[in-house]
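Q: Hi! I've just opened this one and don't know my way around yet. Could you walk me through it?

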Amino acid sequence: VHSKNEELKEMMGIRRTDDDEDSLLDIVQRGLDELDPETDFEEEDTGNDLLSMDEAAFILELDDEKDQDQQQGSTGSSFSQYSSFTGHRYKKKRFVYYTKKIPRYLRKQPNGNLLRAMSLGMEIVELSNVRYAELFGGDYGGSPIAPKEIKAPIPGRSLWIPQGGACGVAVPGARLLAKEILTFWAKQGRDVPLSVCVPGGTCTTGMLLHREMTALLKQREAEGQPELDIQIVVVPCVGDDTYAMRQMMALDENTGGPGRASDTPTILRPHADGNYGSSRRRLGGYFVFGEPAAAILQTFQEMKESHHVFLDLLYGAPAWSLLLQHWRATPSNGVGKALRGKRYIDDSCPIAGRQVMYVHSGGQEGIASQLTRYKHKGLIDSNE
């Protein structure tokens, strides 16, 4: 998280000493520090809204010696579309992306990440809403197996990635992230309990990170190393807690786990008595994904102006809106500033009395286009 506010860094578990080796967290921090929020985000229109709900699919040939490797898979945004394809372009891989119908204005004038990905040769297959639902819909997110109607470009040498990367291919990355977090907290955690908060779409990162962290903590205990209290907390940004649980159980089972509810990470739930509008009440206090909301914008502005933390408006700001809702419900006496209170009103809250580390999911490239939607909705003055 890019933050110039040391108190917030302390609160979120961002610490380092001069003799620390560079970790994944350090590398991410440096990359964000190099961004200039005033210029890098100013007139960027990435089309990030286009594919945020319209999961796509691609296939990747695994033979790196060939010149025409092919890839097909699913992702939740044009930011993912572009970032996924960028790496494959330089390896000469073919990228096929399945999505719902592209709006006419965007088809007529592609911009942002959609334009970038298309300029690199990404192939788009547009489907009607009905056809898309037939191939990729369901209560449990995307299937780890490609729909039989979609033929692999190179049979036997192609890789299917379902929406949100919800498949075994994501396991090595989750394992690396778990090791980085554990190593970081073992050195700098000061024996403080840690809640690692992850915004969830398909909840793939949260589920696999939880599984890998649990295995690492058990291994650490078996080796007689000092005990660490690290838990993974998923903050649903698509649907509600029930939908998140269904997806995580299905993913766990599809990737070799038992698929039990007891083996999923903790889910952060909104306060039941919050002052919500009708649409949020239907989701138990969660936001409608992709729909501009005043509370999301308020969180985005507060984090930017008060803490110099730049969040995207699809995952980061909604997740922090819920996190801050719990933070503000706690007294400030009893412990240091970083913990923001000895206990919360609801003692079962998964961040109560714990240090918080937030795993940022990217997406700053889409901030400008997301803010444009807020202008169209009248939540931001058109002259700003």
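A: Sure, here is a short tour, starting with the whole chain and moving on to single residues.

A: The model is predicted, so local features need pLDDT of at least 70 and side-chain atom pairs count only at pLDDT 80 or more, while totals for chains, interfaces and linings use all residues. Residues are numbered from 1 along each chain as its sequence is written, and side-chain values use heavy atoms, with hydrogens and water left out.

Q: Great. How many helices and strands are there in the protein?
A: There are 14 helices and nine strands. Both are DSSP runs, numbered from the N terminus: helices are H or I with at least four residues, strands are E with at least two.

Q: And what share of the residues is buried?
A: Of the 384 residues, 51% are buried. Buried means under 20% relative accessible area, exposed means over 50%, and partly exposed is in between, with a 1.4 Å probe and protein chains only.

Q: What about contacts between residues far apart in sequence? How much do they account for?
A: Taking contacts with a separation of 6 or more, 72% are between residues 24 or more positions apart. Contact here means heavy atoms within 4.5 Å.

Q: Let's go inside. Which residues touch the most other members of the largest nonpolar core?
A: Those are Cys197, Leu268, Trp320, Leu323, Ile351 and Tyr358, in a core of 36 residues. A nonpolar core is a set of buried Ala, Val, Leu, Ile, Met, Phe, Trp, Tyr and Cys residues joined through side-chain atoms within 4.5 Å.

Q: Which elements supply this core?
A: At least two residues each come from α8 (171–188), α9 (204–222), β7 (230–236), α10 (241–254), α13 (316–327) and β9 (355–358). The most come from α13, which gives six residues. Apart from this core lies another, of 18 residues, including Ile181, Leu182, Met213 and Ile230.

Q: Is there some background to that?
A: In soluble globular proteins, nonpolar side chains tend to be buried together.

Q: Okay, helices next. At what angle do α8 and α9 pack?
A: The angle is about 55°, and the axes are 8 Å apart. Axes are lines fitted to C-alpha atoms, for helices over the stretch in contact, and angles run from 0 to 180 degrees between N-to-C directions.

Q: What do you call that arrangement of α8 and α9?
A: That angle makes α8 oblique to α9. Under 35 degrees counts as roughly parallel, over 145 as roughly antiparallel, 65 to 115 as roughly perpendicular, and the rest as oblique.

Q: Who makes the contact?
A: On α8, residues including Val171, Leu177, Ile181 and Leu182 take part, and on α9, residues including Leu208, Met213, Leu216 and Arg220. The contact of α8 with α9 has 12 nonpolar residues, one polar and five charged. In this count Ala, Val, Leu, Ile, Met, Phe, Trp, Tyr, Cys and Pro are nonpolar, Asp, Glu, Lys and Arg are charged, and the others, Gly among them, are polar.

Q: How do α12 and α13 cross?
A: Their axes come within 8 Å and cross at roughly 85°, and therefore α12 (294–307) and α13 are roughly perpendicular to each other. Ala295, Ile296, Thr299, Phe300, Glu302 and Met303 of α12 meet Ala317, Pro318, Trp320, Ser321 and Leu324 of α13. That contact divides into eight nonpolar residues, two polar and one charged.

Q: Glu302 looks interesting. Is it buried or partly exposed?
A: Glu302 is partly exposed, at 22% relative accessibility. Leaving aside neighbours within four places in sequence, Glu302 is in contact with His307, Leu324 and Arg328.

Q: What about charged residues inside, like Asp252? Where is that one?
A: Asp252 is in helix α10 and is buried, at 1% relative accessibility. Beyond its neighbours within four places in sequence, Asp252 contacts Met207, Arg211, Gly257, Pro258, Gly259, Arg260 and Asp263.

Q: And Arg280? Which helix is that in?
A: Arg280 is in helix α11 (residues 278–282), and this arginine is buried too, with a relative accessible area of 13%.

Q: Last one: what's the phi of Cys203?
A: Cys203 has a positive phi of about 65° although it is not a glycine. Cys203 sits in the loop between β6 (194–200) and α9, and is buried at 3% relative accessible area.
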